[in-house]
Amino acid sequence: AAFGIAEQSALGIGNAFSGGSASATDASTVWFNPAGMTRIQDHQLVTGLHIILPSFNFKNSGSSVLSSFGGAAIEGVNTYDAGRTAYIPNFYFIHSLANDIKLGLGINSPFGMSTKYDDDWVGRYQSIESEILTININPSIAWKFSPNLAIGVGINTQYIKATFNKKIDFTAICAKVILGATTCAALPGAAINNGFSQLEADDWSLGYNVGFLYDFTPHTRLGLFYRSEIHHQLKGTAAFAFTIPITVISTIPILSIVFDDTQLISQPDMPANVSLSIDHQINSHLTLMADATWTGWSSVPELKIQFTNLRKSDTVEELKFKDTLRLSIGVTYTTDGSWVFRTGIAFDEGASVDAHSRSARVPDNDRYWLAVGASYQLLESLSVDFGYAHLFVQDTHIQRLGSTGQNLVGEHRADVNIISGQIRWGILQDDFNSPT
């Protein structure tokens, strides 16, 4: 939930990722549980693409400015869909050093989001465009410790880039600083006094992951996986643009100093997660699986931005995220021919606590997954996998107070469609070593 990206395997999406850390069906196990690499024969390469199609329809329910800032209703567009299509690629490769020792590499995007509103919507003073992009490079190694137990570890080198922008209501700021001044006679939100802020920052940082895979029987196995929290220190710039009447600037000259372009630092922690999965093969055709994944979103209680401009105070966007649980179950049916079919359902708990802490940047809430998928064996060493999921999102109420007195009140009605595809190429040991 929140801005986590579950879509890391087109094969796994067909089961709503219920196999998680236990199935180890393809090279994406580098991400889900590196211990599972010991189940992959010879070498394997997987590359895939996920198309995420979200809809976040907002409907205004009486957003207004606090009385101390003027008390008027906020003018602007009352309904808007902030959803933006996202294209998420992933790449995985497993190299067999020996039957019991495997090396792996995964490149994917574990966190991300993109919401964008028009600059005349009622919530423009809290958000217009928000984007988080991550790239995670994850080399791993796995060792089959005993006939029943495998262990895997990995290092995560993670890049993150964040962009946030919004409008600034200088009329409301003016009214708060010098109440009753004739220069602030315009209604809060008047276009002539609108400013604009854009924050951009990025960072590289490190984390680790470790996983265990235990075979109770040849047909039943349990996977346990942990991925560490990653501490980031983003550095970037804050740029401001505004059109303030000269009479206001002459009355409050500090405004042009406070809103001068500056450098910024932010230190968010990307959350840890723990996954426990089971995979049970009933017969040669039917396999059942289940997964429970905990994510430590409480490591992101707020988004705090510090500015090098000493006259500008720190910006703190309260999130109050709570730790979440994702539960899923699924089934795989293997035919006697070239096809494999999958389906699964999942409950993905939202990280937002309530309407007051929920942000228009991340309109997060509980989600229910319904997923289907299929694989087709093109050649002995080449397969294609497809997956589709529809996410039903509970109606998301928001009643959030902005820094300049705007109280955004309304509801997001959301759903998400995900379309995924990938290619699996199994490379035999003899072919890999061949000079041709």
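Student: What makes strand E13 and E17 a pair?

Tutor: Two strands pair if DSSP finds at least two bridges between them. Strand E13 (residues 262-266) and E17 run antiparallel and are joined by 3 bridges, so they meet that criterion. One such link is between Ile265 and its bridge partner in E17, Gln306. The elements themselves are DSSP runs numbered from the N terminus: helices (H or I) of at least four residues and strands (E) of at least two. The model is predicted, so local features need pLDDT of at least 70 and side-chain atom pairs count only at pLDDT 80 or more, whereas totals for chains, interfaces and linings use all residues. Residues are numbered from 1 along each chain as its sequence is written, and side-chain values use heavy atoms, with hydrogens and water left out.

Student: How do you know that E17 also pairs with strand E18?

Tutor: DSSP gives 4 bridges between E17 and strand E18 (residues 315-318), which run antiparallel; the rule for pairing is therefore satisfied. Leu303 has Glu317 as its bridge partner in E18.

Student: What makes the side chains along strand E17 an alternating set?

Tutor: In a regular strand the side chains alternate between the two faces of the sheet. In strand E17 (residues 302-307), Leu303, Ile305 and Phe307 point to one face and are buried, while Glu302, Lys304 and Gln306 point to the other and are not buried.

Student: Why is Asn407 called buried?

Tutor: Buried means under 20% relative accessible area, exposed means over 50%, and partly exposed lies in between (1.4 Å probe, protein chains only). Asn407 has 17% relative accessibility and therefore counts as buried. This residue is in strand E24 (residues 406-427). Beyond its neighbours within four places in sequence, Asn407 is in contact (heavy atoms within 4.5 Å) with Ser63, Ser64, Ile74, Gln399, Arg400 and Leu401.

Student: Why is His43 called buried, and what does its side chain approach?

Tutor: His43, in strand E1 (residues 43-60), has a relative accessible area of 0%, so it is buried. A polar atom of its side chain lies 3.1 Å from the backbone nitrogen of Ser96.

Student: What makes the phi of Asp42 notable, and is this residue buried or partly exposed?

Tutor: Most residues other than glycine have a negative phi, and most peptide bonds are trans. Asp42, which is not a glycine, has a positive phi near 55°. Its place is the loop between helix H3 (29-32) and E1. With a relative accessible area of 24%, Asp42 is partly exposed.

Student: How does Ala2 stand in these two respects?

Tutor: Ala2 also has a positive phi, about 55°, without being a glycine. Ala2 lies in the segment before helix H1 (10-13), and its relative accessibility of 9% means that Ala2 counts as buried.

Student: What share of the protein chain counts as buried?

Tutor: Of its 436 residues, 52% count as buried. The secondary structure of the chain comes to 7 helices and 24 strands.

Note on methods:
Polar contact = N/O pair within 3.5 Å; in protein donor to acceptor, adjacent residues only side chain to side chain.
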